[in-house]
Amino acid sequence: MTGRDSPPALSSADPVYLDFNATTPVAPEVLDAMLPFLRGEFGNPSSDHPYGRRARVAVDRAREEVAALVGANPDEILFTSGGTESNNLAIRGAAALAPESRRSLVTTVLEHPATAEPCAELERGGWTVTRLPADGGIVDPSLLAERIPPDASIATAIFAQNETGAILPIAELAAAAHAVGAVVHADGAQAIGKIPVDVDRLGVDFLSIAGHKMYAPKGIGALYVRRGTRLAPLVRGAGQEFGFRPGTENVAYIAGLGAAATLAVSLLATEPDRTARLRDRLWGGLSRGVPGLVRLSPDGALPNTLLMSFPGVLGSEILSRAPRVAASTGSACHAGVHEPSTILLESGIEPAVALGAVRLSLGRSTTEDNIATAIDGIVAAYGKASQ
């Protein structure tokens, strides 16, 4: 590809995309918000002249838009490069200020690596890390008060699990953690934009947001930091983002994230129900066509997420035989050896069942025709694979 070439556009020959938990396309409204700052509006938001002031207005507007999506105040939103940086900033930034007597953290066994790895790094540095178990893919809220150590200074948990779609009891976790004086962080990457989210109802002190999970570009995200919550920056520099995340702001992408937040607000009254109906139709068609198909997503999971296991067949084999469907499996392949997802094993799923897992995650562009195509393609693929 030369510097002047563009990637090929999607066509009718492309497979039905059912991998929206992996990433989403950039919404047209988001691109429209970004384009002025990729063309003529190049000012630095810290500059006190018309170019800079226009850029600052765009950043401030986006901060208000993201805050509105999660029920926050604008000055509680910090822009980052994405969910991974937001998780690291919350966990490691809070840990840097914890007293020696409270170097204890509580998390869950269901975490994305963007949260699990910062926790593991702290553990290697001498922190005590308690990992709450999952029962049927969720954390039992009735066990939180007794499982959270009294010396915990940080609690962190994934809000919606990216593989299973399970929604964790964040509000109950926050209440139990606050009772022992801990600050609470939730990784909201998979939840925000799919279900209503309100930071006060959750009771969290930090909430991570990933732009590319909600129809903004890759490379932009945000961290909600409750007013008065102490946080140490991971990077040192000038005073951008209230001193917590220095560096000249990525104005175009920040404007895009703001537009994505406003778009999400406008769709939250209708899109979760629409997506859930399509997901249930998808499950109905597949369960009729595949004897013994097991639904692994727990009750109350994200409305767009369907995790299933195909009996006696690798999930990867199903997808390899269904070229009209783009989705993800519940296993990884290393040197020809298939290994089940750790998340599924920690959720209590047997290894053989986890190896047969396929995750189908729907999005705003998913249609009835897409669902019919996916059902036909996957049922046919299972018929071939199980022969």
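## Close-up views of a predicted model

**View 1. Ser 104, tucked away in strand 3.** Ser 104 is buried, with a relative accessible area of just 1%. Everything shown here comes from a predicted model. The residue belongs to strand 3, which covers residues 104–108. What does Ser 104 touch once its neighbours within four places in sequence are left aside? The contacts are Trp 127, Thr 128, Pro 149, Asp 151, Ala 152, Ser 153 and Ile 154. Why does Ser 104 count as buried? Because buried means under 20% relative accessible area, and Ser 104 comes in at 1%.

**View 2. Strand 8 and its two partners.** Strand 8 spans residues 221–225, and 5 of its 5 residues are buried. Gly 221, Leu 223 and Val 225 point one way, while Ala 222 and Tyr 224 point the other way. That fits the usual pattern: in a regular strand the side chains alternate between the two faces of the sheet. Strand 2 (residues 77–80) pairs with strand 8 in the antiparallel sense, over 4 bridges. Strand 7 (residues 206–210) also runs antiparallel to strand 8, and 5 bridges join them. Which residue of strand 8 is the bridge partner of Ile 209? It's Ala 222, and Ala 222 also stands opposite Phe 79.

**View 3. Strand 2, seen residue by residue.** Ile 77 and Phe 79 point one way from strand 2, with Leu 78 and Thr 80 pointing the other way. Are these four residues buried or exposed? All are buried. Across in strand 8, Ile 77 has Tyr 224 as its bridge partner, and Phe 79 faces Ala 222. As a general reminder, strands of a sheet pair through backbone hydrogen bonds, either parallel or antiparallel; strands 2 and 8 go for antiparallel.

**View 4. Two positive phi values in the loop after strand 8.** Glu 241 sits in the loop between strand 8 and helix 8 (251–267), and Phe 242 is found in that loop too. Phi of Glu 241 is near 50°, a positive value in a residue other than glycine. Phe 242 isn't a glycine either, yet has a positive phi of about 60°. If you're checking backbone angles, bear in mind that most residues other than glycine have a negative phi. Which of the labels buried, partly exposed and exposed goes with Glu 241? Glu 241 is buried, with a relative accessible area of 5%. Phe 242, on the other hand, is partly exposed, at 45%.

**View 5. Arg 359 and its surroundings.** Arg 359 lies in strand 15 (residues 357–361). Although its side chain carries a charged-class label, Arg 359 is buried, with a relative accessible area of 8%. Which side chain makes a polar contact of 2.8 Å with that of Arg 359? The partner is Asp 19. Not counting residues up to four places away in sequence, Arg 359 touches a long list of residues, including Leu 18, Asn 21, Ala 22, Asn 162 and Glu 163. Others among them are Thr 305, Leu 306, Leu 307, Ala 327 and Ser 328. Arg 359 and Ser 297 are 62 residues apart in sequence, with a C-alpha to C-alpha distance of 9.2 Å.

**View 6. The open sheet that holds strand 15.** This sheet has 4 strands in the order 9-10-15-12, with antiparallel pairing. Its edge strands are strand 9 (294–295) and strand 12 (328–329), each of which pairs on one side only. How many bridges link strand 9 to strand 10? There are 2, and the two strands are antiparallel. Strand 10 takes in residues 305–309, and its Met 308 stands opposite Arg 295.

**View 7. The enclosed cavities.** The model has 2 cavities of 30 Å³ or more. The largest holds about 160 Å³ of space. It is lined by 16 residues, of which Gly 193, Lys 194, Tyr 215, Glu 271 and Arg 364 are the closest to its centre. By class, the lining has 7 nonpolar, 5 polar and 4 charged residues.

The second largest cavity has about 50 Å³ of space. Its lining is made up of Thr 108, Leu 132, Val 139, Leu 144, Ala 157, Leu 168, Pro 169, Ile 170 and Leu 173. How many charged residues does this lining have? None: the classes come out as 8 nonpolar and 1 polar.

Key
Residues numbered from 1 in each chain as written. Predicted model: local features only at pLDDT ≥ 70, side-chain atom pairs only at ≥ 80, totals over all residues. Heavy atoms only, no water. 1 Å grid on protein atoms, 1.4 Å probe; cavity = no way out; pocket = protein on both sides within 12 Å on 5 of 7 lines; lining within 4 Å. Points joined across faces, edges and corners; volume = space filled by probe spheres on them. Buried < 20%, exposed > 50% of the residue type's maximum accessible area, 1.4 Å probe, protein only. Pairing = 2+ DSSP bridges. Contact = heavy atoms within 4.5 Å. Polar contact = N/O pair within 3.5 Å; in protein donor to acceptor, adjacent residues only side chain to side chain.
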